[in-house]
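This report examines the architecture of one protein chain, with attention to its aromatic contacts and its buried elements. Please consult the sequence and the coordinates alongside the text.

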Amino acid sequence: MWRTDVAIFGGGVAGLWLLDELVRGGQDAVLFEAGRLGSGQTITAQGIIHGGLKYSLAGQADESALRVSRMPRLWSRCLAGLAQPDLSTVTRRSAHCLLWHGRSLGSRLGFLGARLGLEVTPRRLPEAERPELLVDHPGPVAVMDEPVIEPASLLSHLADRHQQRILQIDVNRLTFQCDAPGRVRRIQVGHPFDKLPGSTRDVVPGSVVLTAGAGNAALRQALGLSTEAMQRRPLHMVMLRGASDRLPPLCGHQVDGARTRLTITSTVDAAGRTIWQLGGQLAEDGVGMDRPSLVAHAAVELAEVVPALDLEGLEASTYRVDRAEATTTGGRRPAGIRVLAEGNTFSCWPTKMALAPVLADDVMRRLTSPGVQVASTGDLEPLTQAGLTEWPRPRVAVPPWDVVTEWLPMRPARPSRQAA
């Protein structure tokens with residue numbers, strides 16, 4: 001039998017960032033992952049480190065906007081190697097995001113963020129600096145200091161820092177012994193491939209932290225906790241694929257009043273082709289559509305949002321993902337992170353990838369607060385000293401554009417109304 005101060009379940013950005021924070025803080029922590037690192041929400045994310053303006057287009061800074069407002073500066077310091085964790089080797093898709101609208105956005109674009117107390121203030125982009133697809137856009141185009149990162153690169157970097165503490169397990173051979181719901185006394189984890197005797201490890205945790213996204217529901221059920229603490233909000237994302245001379249890089253938001261009509265981020269696949277991920281309102285509207293219908297709808301939206309883009313010769317596909325979040329009244333998007341403490345178990349939902357540092361800080365404060373319920377691990381040896389050299393480490397998940405096999409030809413669409 002072995003021990004660990006903190007046992008983390010779930011190897012997305014929230015779990016990996018927390019693992020790094022705990023180890024740097026002197027805690028003996030391990031992370032268990034049943035599949036691939038980041039599978040689910042992190043690997044499918046668009047990689048934008050939001051600064052809150054997207055949530056404040058109605059002219060008021062809601063709680064969501066204020067909670068993420070300092071994230072671009074915090075992440076930028078890490079990406080520059082000026083703060084921990086040092087993320088200087090993480091691939092950046094773009095150093096900033098663009099924001100464009102019709103003429104109605106006008107002069108308020110330049111001061112909206114500052115007036116609302118947000119750290120990320122949009123600046124009007126000179127026409128000479130516009131990307132080629134927005135050169136002829138009739139309205140203003142702004143630039144915001146919201147970096148866009150490559151999620152797979154982030155996952156690889158964080159995992160490489162603590163490979164000896166990250167273990168792949170067989171979810172079908174994971175058992176908890178609890179004295180009460182959420183009060184974990186012992187965990188048994190099984191080797192993901194070896195079923196022979198001796199292929200399990202018994203671990204006594206001081207605390208258990210759930211950062212498994214949608215997987216938190218099954219984990220909570222196994223711990224005797226209610227699954228009603230979590231909700232799922234689905235998305236149906238669109239991907240565009242084409243040669244770099246036909247599909248230039250672009251990262252930004254097209255807004256329509258107080259709504260983010262379309263969010264575009266771009267990357268490059270292994271074959272050197274440009275990949276666009278399309279989110280925003282398009283991804284929410286697409287939940288009730290099948291793939292061909294959503295691709296056709298995306299063609300109409302792109303014809304209005306980026307009319308300079310020639311869709312001829314481009315391909316499109318889609319993927320579905322559930323946003324796993326803490327339950328809210330009416331199923332609305334939570335304003336920020338949520339950490340639910342029950343016994344010595346902490347169930348965590350970061351809500352946005354950008355808020356992973358806030359989640360880690362919150363859990364660290366709770367674990368070191370007087371009176372927190374932490375189980376005694378006695379004089380047992382740490383799990384990291386259990387001779388785990390041959391135990392498999394999970395690999396990073398594959399991006400969605402390398403998973404889907406059905407790509408449909410994009411067919412140019414006539415805009416249904418004058419571009420906003």
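The account below proceeds from the chain as a whole to aromatic contacts, then to one strand and one helix.

**Overall character**

The model is predicted. The protein chain contains 10 helices and 19 strands. Of its 420 residues, 55% count as buried. The accessible surface of the protein chain amounts to about 17400 Å², and carbon and sulfur atoms account for 48% of that area. Among contacts between residues at least 6 apart in sequence, 73% join residues at least 24 apart.

**Aromatic contacts**

The count of aromatic pairs comes to three. Two of these pairs are set out in the table.

| Pair | Centre to centre | Angle between planes | Class |
|---|---|---|---|
| F9 and F32 | 5.2 Å | 40 degrees | tilted |
| W17 and W75 | 4.8 Å | 50 degrees | tilted |

Why does the pair of F9 and F32 tie together parts that are apart in sequence? F9 belongs to strand β1 (residues 2-9), whereas F32 belongs to strand β2 (residues 29-33), so the pair links parts that are 23 residues apart in sequence. Both F9 and F32 are buried. Together with F176, these two residues form one aromatic cluster.

The pair of W17 and W75 joins two helices: W17 lies in helix α1 (residues 13-24) and W75 in helix α4 (residues 71-79), so parts that are 58 residues apart in sequence are tied together. Are these two tryptophans buried or exposed? The relative accessibility of W17 is 2%, and this residue therefore counts as buried. W75 is also buried, with a relative accessible area of 0%.

A contact of another kind involves W407: R241 lies over the face of this ring, at 4.0 Å from the ring centre.

**Strand β18 and its partners**

How many of the five residues of strand β18 (residues 345-349) are buried? Five of the five are, so the strand is largely enclosed by the rest of the structure. In a regular strand, side chains alternate between the two faces of the sheet. In β18, T345, S347 and W349 lie on one side and F346 and C348 on the other; all are buried, and both faces of the strand are thus covered.

Two strands pair with β18. Strand β11 (residues 200-210) pairs with β18 in the parallel sense over three bridges, and L210 stands opposite S347. Strand β17 (residues 338-342) pairs with β18 in the antiparallel sense over five bridges, and E342 stands opposite T345. β17 and β18 form a hairpin with two residues between them. In the turn of this hairpin, G343 has a positive phi of about 65 degrees.

**Helix α4**

Which residues of α4 are buried? They are M71, P72, W75, C78 and L79. These residues cover an arc of only 125 degrees around the axis, which puts them on the same side of α4. An α-helix has 3.6 residues a turn, so residues three or four places apart point the same way. W75, one of the buried residues of α4, is the residue whose ring pairs with that of W17 in helix α1. After α4 comes G81, whose phi is positive, near 75 degrees.

Technical notes: Residues are numbered from 1 along each chain as its sequence is written. This is a predicted model: local features need pLDDT of at least 70, side-chain atom pairs count only at pLDDT 80 or more; totals for chains, interfaces and linings use all residues. Side-chain values use heavy atoms; hydrogens and water are left out. Rings of Phe, Tyr and Trp (its six-membered ring) pair if their centres lie within 6.5 Å; planes under 30 degrees apart count as stacked, over 60 as edge-to-face and the rest as tilted. Helices (H or I, at least four residues) and strands (E, at least two) are DSSP runs, numbered from the N terminus. Buried means under 20% relative accessible area, exposed over 50%, partly exposed in between (1.4 Å probe, protein chains only). A charge sits over a ring if NZ of Lys or CZ of Arg is within 6 Å of the ring centre and within 35 degrees of the ring normal. Two strands pair if DSSP finds at least two bridges between them. The arc is that of the directions from the helix axis to the C-beta atoms. Contact means heavy atoms within 4.5 Å. Accessible areas come from the Shrake-Rupley method with a 1.4 Å probe; for residues, only the protein chains shown count as cover.
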